[in-house]
Every structure is written in C-alpha cells, then in structure tokens.
Amino acid sequence: MPDSAGAAIEPRTARMVAVAAPIGADRWDPDGAAGVREGRPMTVRSHHPLNGVPFPVPLGDLDEGGREEGAAREAGDAPARLLLEAMPHKVWLLGPDGAVTFANRSARTAYSDLSETRGEAGCLHPEDRARAVEARRGALASGAAYVFTGRYRSEDGNWRWHQTDTVPIPGGGGVAGWLVTAVDVDDVVADNKALEATTNLLLLAKKSAGAGLWDWNMRSGALSLSEQGAHLHGLEARACTLTSAAWTALIEPEDRKVLWDAVTQAVSTRTPFSADLRVRDGAGGVRWIQSIGRVLDDATGTSARIVGLALDITARKQSEQALARARDDAERASRAKSEFLDTMSHEIRTPLNAVLGFTDHLLKRPLDGETLRQIGVVHDAGSALLRVVDDVLDIAQIEAGRVAFDVEPFGLQDLVDGTVAIARGVASRKRLPIAVLRGPDLPARVVGDPGRIRQVLLNLLDNAVKFTAAGSATLAVTLDGLEAGQARLRFTVSDTGIGISRAQLEQLFVRFGQADGSIRRRFGGSGLGLTICRHLIDLMGGTIGIDSEPGRGTRVWVSLPLPVAEGTPA
C-alpha cells in the first residue's frame, strides 16, 4: 500500500492509517484550512471528533472518482468506529501536536479530563507530564511506537497508574498522529512498590545483620556463596561457588558431623535447616557462624536445594562461654561454701553439745539459786547458738541441693504430741499455754519424714511463743482432703502475740529477713527459720502461708500431701 510519497506502508501501519481515517464523516471539505494541492496531504474536515486528522490523499484523487472513493471509504469506516466505541479497552487518538482528536467510550468514562481542549495533559499527573513529552519527542525522532507508564486522573478524581501503548500514525512522510491504548496497572504498580519496599527492608535487615547468602545444590553438590557469605566462611570477600568437599573442609573437624547431620534432618523431616559451626576466619582465629535455611523442591516435588543465610555469632558464643564459666565458678564457690559451713557447723556443734550437756548436768545438782541462774543463762545461750548453727547448716544444704528426707510411716498423734511437748518446755517459762486441736477423721498413720515435719512445726511454735507475751498459742491439725490414698493435712499455728503488718509479711520468707530491725534487737533470732520452713515444705510438695494483724496475733498454716500408711483405717 503506497503512501503519497510513494513509500510502501507495512500492513500493520496500513491498519493504523485505516483507523486514523475519518470514520463516519458527514462530508468532505476540499476547501478546508489546510487545503489540498498536488501530492500534498489534505486536511479532512468533518463534524466527528476525528475532525482534523491528516490523511494523505493525492491531488489527482479529488476528481469525481476521488470523491466517490472518499464516500466509499466513509461508508467502510463506519463499522470500525462502532468497533472502537464498543471496545472495553481505553483508546484515543492524538494529533501531531498531541491534542486529543478522538476518544472511545471507555476512555471518556475513565478519564473525565480527557478532552480536545485540554488534551491528554489534562488527565495526566503534573509530575508525569514532562516524561510523557520527552517520550513522545523521542518517538517523533525515531518514528517508533513507545510504552509509557504514568498516573491518570480517573472519573472519581483519584490518580491511578496506567500503561499506555502509543503507536505513530504515518502520514505526509512523517507522523500524522498517534493511536493510544491504555491499561489500568495501578494494582500491579502498588504490588511492585510493596515488593520493592519489602525487598529493601530485607536487604537492609541482611546488611544490618551482616548476613551472607548461600545456596547448596543437592544434585551437583555445588555451594554458591554471596560476597558476605564467602567472607564469613573465611574466604576472599567475593561471590564464589564451591564443591561440597571444599565446603566441608572449611568447617572445623569437630563440627563437620554437625553440619551433615543437620542437612540430613532438614531433608528427611522437611524442617528448617539450622547449625552452629566453627570456621577459620582467615586470620588464624575461629569464627562461629549460624547457618539457617530451607529445603526447596524441584518441579517434581523432590528436594533439590537448600537456600539460607549465614550469620556471625562469634560474640554470642563467647558470651555464652563466659557465662558458662561464670556459672561453673559460682557453683564451685557455692559447693566450697557449703562444704565449709558443713565442716564448721560440725566443728562448732561438738564442743557446743559438750557445753550444753555439762550445763544440763549442773542444773540437776543441788546448787544455790544464783549459781543455778547463771548456769541457766549459759544453757539458754548455748541452745540459741545451736539453733543458729543448725539453721545455717540447713540453708547451706538447701542451696547445695543436698537436703535428704527419711521417708517412713509414722503416727500422726505421736508426732504432734512430741512436738508440742518440746515447745511447752520453753513456753512454760513464760507461763504461756499451748493448746492442741485435732480435726475429725484424721488418719492414724501417714508416710513422710517426721523429723523434717517436726522441724517445721517446732520453728512455727517457737516463733509463736517468742512473739507472744500473754495469751496462748495453738497447734491445730485438720484433714483438708483424702483422695486415692493420699491425705492433705493442714497444720495451723496461731498465737495472740504482737502480729505484723501486711507490708512486713513479704520480708518473713526472705533469708535473714524479719519484720524490722527492732525485732532482732528485742527477740533475737537469725531470720532464717521461715525461709528454711518454706524450702522444706516446697520440697515435700506442700504450701505455706501466713496471716497477721498488728496487736492481734499471727496465724501460719502449712498444707502437706502425705500418703496414708498401709493398714491404716480410712
């Protein structure tokens, strides 16, 4: 198909010219403003929006035959106009100056500002107009089609990204106009921006963490390392590919089995790959790296690759090792302290027991009153010192985890009566009665450590006697429950003593803790008793609690699960 200059027009261009021709024009106007002269393009005039699109028509075609041909062309272009109007795609035509000469229904509906007066720029984002002009200028110079992506104002006033495919319409030896088709790609652009932001975030995280990338191909055995990945493995900092054997050789011999065991586990169990490995850092030192990754399958669903990251965890490992050494040192120091306390307590107990035994003997002899009083003071002081030594030894054994329990069946009544008898010996000096209350349905015999239970109850009774100037102390034993042969017993020690405030209760179960400093000055004591009781009760699976009110007394309760001894009536 030759144009007015005699040059051949390709079939694709011929179709573009056909589209650019006046579709359904009402009339031909040979006297139009541009005029028609020999061999020059004429300007086709019509009442259609395509009015003014140059169409190359030789002068000789304007005779009667030419007019008939033009009329026939008009009739033939009517279906093309209807086709463009019905297309769902946005299509419009631009003149050589960029003015809109035609827009189909989809384009007019989508772009409210797309008009002949404002042109394409009316609906194009101001920031994108310069790029659009530059793109069209380059297309004018080359005569080639081009693709442009920009923001166009939609009918609702919002800016949406569109990709336009602009094809030049040849005419008069140059470009007579442009055919533009547009596709809404706003969602695609948004997704790409989100992907770019996520990628940048991942790259930033990777850079901040100093992570290196690696990719191991299971079939070829090739390991691909990024620049940072190679550096972390003690190699020159450049991307490289290694064999599996070379990769293994980089790992310290003690950790090679760890590496391949982790690979086997990840592939066989379909779980993430993770291994902490040691490599040489290139300067003769050792670097710890953590390799983490995932197994990837090929198209057949077979495991083909493991892709992951390598992180330098040398500082973390050094901290862990330092912490382990400090823990070991602390444990050794604790054991040494416990051994020292154990030894010293026995060394102190031996002469102290001799003193107490001798004073017991003297107190039974017929001596004058003042001498007996003085011997009694020595005996009381020695007994107090012995209790402190016992408390310190118990704390040392608890901290060392060496508390032993002698579990055996014992009579509950015998335990209670024996414990109260010991406490009454001290209470009698203050003329303070100690009452015993027993609940119904108590089992006669239970299984436990009677010595440790007696130790706890004696401590609670001693405190009740110590802090009660007048009134009484009571030990109550009740059965809270019996299930599957196990009884839950509750021991409650109450007094009418000085009591303490709720704020001071928290200090009672702390080592060397007492309600306040005046307590130690007035009543003495190490402040270890309740701490020891709590630990012993915890170790026996029980609980301990306390309620108190200043000036009204204190109530301490212990709940212990103790199996009922065989042969004991329910």
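Which strands does helix H9 (residues 314-363) lie across? In this predicted model, helix H9 lies across S11, S12 and S13, and its direction makes an angle of about 120 degrees with S12. That makes the sheet a handy place to start, but a quick look at the whole chain helps first.

The chain holds 15 helices and 20 strands. Of its 570 residues, 39% count as buried. Among contacts with a separation of 6 or more, 54% come from residues 24 or more positions apart. The accessible surface adds up to about 30,900 Å², with 55% of that belonging to carbon and sulfur atoms.

Now for the sheet itself. Six strands make up an open sheet, running in the order S10-S9-S8-S13-S12-S11 with antiparallel pairing. Strand S10 (240-242) and strand S11 (273-280) sit at the edges, each pairing on one side only. From one strand to the next, the twist averages 25 degrees. Strand pairing in a sheet goes through backbone hydrogen bonds, in either a parallel or an antiparallel way. Strand S8 (residues 212-217) and strand S9 (residues 223-225) run antiparallel and are joined by three bridges; here Trp-216 stands opposite Leu-223 in S9.

H9 has company on these strands. Helix H8 (residues 253-269) lies across S8, S11, strand S12 (286-297) and strand S13 (303-312), and it runs at about 160 degrees to S11.

The loop between S11 and S12 holds Gly-282. This glycine counts as exposed because its relative accessible area is 65%, over the 50% cut-off. Gly-282 and Glu-236 lie 46 residues apart in sequence, yet their C-alpha atoms are 8.6 Å apart in space.

Next come the aromatic rings. A pair of aromatic rings is described by how far apart the centres are and by the angle of the planes. The count comes to nine aromatic pairs. One of them is Tyr-111 with Tyr-152, a tilted pair at 5.4 Å centre to centre and 40 degrees between the planes. This pair links distant parts of the chain, 41 residues apart: Tyr-111 is in the loop between helix H3 (105-110) and helix H4 (126-142), while Tyr-152 is in strand S5 (residues 146-153). Are these two tyrosines buried or exposed? Tyr-111 counts as buried because its relative accessibility is 1%, and Tyr-152 is likewise buried at 1%, with the cut-off for burial at under 20%.

Another tilted pair brings the story back to the sheet: Trp-216 and Trp-247 are 6.1 Å apart, centre to centre, with 50 degrees between the planes. Here too, distant parts of the chain are linked, since Trp-216 belongs to strand S8 and Trp-247 to helix H7 (residues 244-250), 31 residues apart. Trp-216 counts as buried at 8% relative accessibility, and Trp-247 is buried as well, with a relative accessible area of 2%. Both tryptophans are part of a wider cluster, in which ring pairs link Trp-214, Trp-216, Trp-247, Trp-260 and Phe-273.

Charged side chains also turn up over aromatic rings. Which ring does the charged end of Lys-317 sit over? The ring is that of Trp-288, with the charged end of Lys-317 placed 4.7 Å from its centre. Elsewhere, the charged end of Arg-490 sits over the ring of Trp-557, at 4.6 Å from the ring centre.

Conventions:
Residues numbered from 1 in each chain as written. Predicted model: local features only at pLDDT ≥ 70, side-chain atom pairs only at ≥ 80, totals over all residues. Heavy atoms only, no water. Pairing = 2+ DSSP bridges. Helix = DSSP H or I, 4+ residues; strand = E, 2+ residues; numbered from the N terminus. Axes fitted to C-alpha atoms, helices over the stretch in contact; angles between N-to-C directions. Contact = heavy atoms within 4.5 Å. Phe/Tyr/Trp six-rings, centres within 6.5 Å; stacked < 30°, edge-to-face > 60°. Buried < 20%, exposed > 50% of the residue type's maximum accessible area, 1.4 Å probe, protein only. Lys NZ or Arg CZ within 6 Å of the ring centre and 35° of its normal. Areas by Shrake-Rupley, 256 points an atom, 1.4 Å probe, with all protein chains shown as cover.
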